[in-house]
Amino acid sequence: MGPKSTVDVLLGGLKRLEYRGYDSAGVTVINDQGHLDTRKKAGKLSILVEDINQHPLGESHIGIGHTRWATHGSPTDANAHPHLGGKDHKLSLIHNGIIENFAELKAELLAQGTVFTSETDSEVAAHLVAAEYKKSGSLLESFRTVVRRLHGAFTILVLDEDEPNVILAARRNAPLVIGLGDGENFLGSDVAAFVEHTKRAIAVGQDEIVILKADSVSIESFAGAPVSHEEFTIDWDASAASKGGWSSFMAKEIADQPKAVGDTLMARVSSDGTVKLAELAPLENLLPHIDRIIMVACGTAAYASEVGKYAIEAWAKIPVSVELAHEFRYRQPILTKNTLVVAVSQSGETMDTLMATRYAKEAGASVLSICNTQGATLAREADAVLYTHAGPEVAVASTKAFTAQITAIFLLGLHLATVRGTTDKAELHQIGRELLKLPALIAKVLESSESVRDLGKKFKDAKTVLFLGRNVGFPIALEGALKLKELAYIHSEGFAAGELKHGPIALIEEGQPVIVIVPSPTDPDSLHAKVVSNIQEVRARGAQVIAIAEAGDTEVAKYAVEVIYVPVSHKMLAPILDVIPLQIFAMELSAAKGLDVDQPRNLAKSVTVE
Ligand code: F6R
């Protein structure tokens, strides 16, 4: 809302948020005649933009817009948001999340003769507010009544032409932030929606309603009690969320990794290698007594946690388990007051991870979140937060957030080891100094990535690609396989190399590409020799082996069709370098197949539904 042309602001904001969902898009504005004007289209935002260019919407200063990741009803024009409420269609509503009791509410409305035009749960909310408004004559009161009746997860915004100077918003279990401007105000699922207009933001809390006008903002609880929240300043620039000269956000974000890792280390490791995490102060009393760490996360963040597990156990000598957040709370995990739950999430809005965190807190455990997004729900709900400073990650496939997450978990491991005195100080300092070298080493890997790009093109018609790794290389094999699935839609699997002969080797046939993450030849546990044996085993059965190996590893070159060398680093830190060729491989393969690298099919960046 404000003096600027709403359509431009909405479409600009939606462009920045499109990574969150791109099945369909739509906007409603109140035009200069005082009526709602709604456009919505299935498909990517560009289709909506094209439609609006051909049939421009009139001048307006208030509006709402949405991009969708389909839950109820397939991606069609009719199911796209906004949804109109009431017979006279004077009310427009957008919704993120899932209204769990929508079937019963819909039955109620159908019995009253309401006609539905979509299959969505969201349209139910639009009709409910419109019906209440008819009765009460107050938009706010009817909105309050309806949101209190909804179960599940929702961020809902409504606009009504009979009260053309206000937008009402409500939030439960789905993100919502306010942008405070000068004579203009904004709402968005994340700050990217409005960062080009203002850096001042407020994160809306759970079960709160926002009453947004061009020159005022007030927040209240669902019960109607006033609420106040501190403002925060968005610490990144709008350009950080733009592609710059890169062919894709993913290409840019892969190249950003020296900075993402460097910024995550900044002010936390001194030049002599000492690690200090001031952010852990709220957990100070617990740290010496932790008897168990459970890391909860999903997807790529779970693989970062798997890498971190090796480091924390080795340095801090605390048992660590990594749990997929969506499985965690449904199997009655054992949690005590000395359990530290570490929730790892780029967005800080992943519903599965949030729910796991809430479960852990209720059971008496303390929660540390490792999060990349300022003001995210996870960061606010945890007892302490260790931010990764990767900057906004826009491409759906996570890259720089992954390496930044591993970095942050390494810092956690070193801090815990220091506090608990479990590893020799000199050794910890040496690892700290090795960490500081990472940004330069990543830059080296990026500089020498030409051969990986060629490999991506070469294997574009592969039906299956297998990834093998051992120890810290195992989660990297899993991550490499995930990147290939989501970006190139190629069936790929990651295995612990030692597991091969227990079954997966049956998959190997003539010409099968197998990518192997090879441990350092100086590995004290002789894992190098074991992995080289695995390479020989698959090669003997016809596999084409591509090895990711440490510079100077001549042994492996004898058995691989291609070796991608990465610089020598500390054994524990190698995953941060090893994953980069795998990210580039998946990106190039996707591009070679003519696919959308930034917005792979069926996915959304922020999974805010369970
Ligand atoms: C894969 C990917 C996902 C996310 C997962 C968790 O490239 O991006 O697997 O890692 O959905 O997301 P966050 O970290 O936001 O909780």
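Strands are DSSP runs of E at least two residues long, numbered from the N terminus. In the predicted model described here, one such run is strand β2, which spans residues 36-42 and contains Lys40. The protein as a whole has 18 helices and 24 strands.

The overall dimensions were examined before the individual elements. For 610 residues, a compact globule would be expected to have a radius of gyration near 25 Å, and the protein agrees with this expectation because its own radius of gyration is 25 Å. The C-alpha trace extends over about 75 × 55 × 45 Å along the principal axes. Buried residues make up 60% of the 610 residues. When contacts between residues at least 6 apart in sequence are considered, 70% of them link residues at least 24 apart. The accessible surface amounts to about 23000 Å², and carbon and sulfur atoms contribute 52% of this area. With regard to charge, 59 positive and 76 negative side chains are present, and the centres of these two sets are separated by 3 Å.

Strand β2 was considered next, through Lys40. This lysine has a relative accessible area of 22% and is therefore partly exposed, since burial requires a value under 20% and exposure one over 50%. Beyond residues up to four places away in sequence, Lys40 touches Ala25, Gly26, Leu48, Asp77, Ala78, Ala80, His81, Pro82 and His83. Two of these partners, His81 and Pro82, are joined to each other by a cis peptide bond with omega of about -5°. Pro82 belongs to the loop that runs between β3 (63-68) and β4 (83-85). Lys40 and Met587 are separated by 547 residues in sequence, and their C-alpha atoms are 31 Å apart in space.

Two helices were analysed for the placement of their buried residues. An α-helix has 3.6 residues a turn, so residues three or four places apart point the same way. In helix α3 (residues 102-111), the buried residues are Phe102, Leu105, Lys106 and Leu109. These residues lie on the same side of α3 because they cover an arc of only 100° around the axis. Glu104 and Ala111, on the other side of α3, are exposed. The cover over the buried residues of α3 includes β5 (91-99), α4 (122-136) and α5 (139-149). Just beyond the end of α3, Gly113 adopts a positive phi of about 90°.

In helix α14 (residues 450-458), Val452, Leu455 and Gly456 are the buried residues. They span an arc of only 105° around the axis and are therefore placed on the same side of α14. The elements against which the buried residues of α14 pack are β23 (544-550), β24 (562-566) and α18 (574-592).

Further buried positions were found in strand β20 and helix α15. Val465 is located in strand β20 (residues 464-469) and counts as buried because its relative accessibility is 1%, under the 20% limit. Apart from residues up to four places away in sequence, Val465 touches Leu484, Ile490, His491, Ser492, Glu493, Gln512, Pro513 and Ile515. Leu487 is located in helix α15 (residues 473-488) and is buried, with a relative accessible area of 0%. With residues up to four places away in sequence again left out, the contacts of Leu487 are Met250, Ala397, Ala586, Met587, Ser590, Leu595, Val597 and Pro600. Leu487 and Ala203 are 284 residues apart along the chain, and a distance of 32 Å separates their C-alpha atoms.

The backbone geometry was also inspected for uncommon values. Most residues other than glycine have a negative phi, and most peptide bonds are trans. Ala267 has a positive phi, near 65°, although the residue is not glycine. This alanine is found in the loop between α7 (257-265) and β15 (292-297), and its relative accessible area of 77% makes it exposed. The C-alpha atoms of Ala267 and Val465 are 40 Å apart, with the two positions 198 residues apart in sequence numbering. Asn602 is likewise a residue other than glycine with a positive phi, near 65°. Asn602 lies in the segment that follows α18 and counts as exposed at 61% relative accessibility.

Notes. Residues are numbered from 1 along each chain as its sequence is written. This is a predicted model: local features need pLDDT of at least 70, side-chain atom pairs count only at pLDDT 80 or more; totals for chains, interfaces and linings use all residues. Side-chain values use heavy atoms; hydrogens and water are left out. Helices (H or I, at least four residues) and strands (E, at least two) are DSSP runs, numbered from the N terminus. The radius of gyration is taken over C-alpha atoms; the globule rule is 2.2 Å times the number of residues to the power 0.38. Buried means under 20% relative accessible area, exposed over 50%, partly exposed in between (1.4 Å probe, protein chains only). Contact means heavy atoms within 4.5 Å. Accessible areas come from the Shrake-Rupley method with a 1.4 Å probe; for residues, only the protein chains shown count as cover. Lys and Arg count as positive and Asp and Glu as negative; His and the chain ends are not counted. The place of a charge is taken as NZ of Lys, CZ of Arg, CG of Asp or CD of Glu. The arc is that of the directions from the helix axis to the C-beta atoms.
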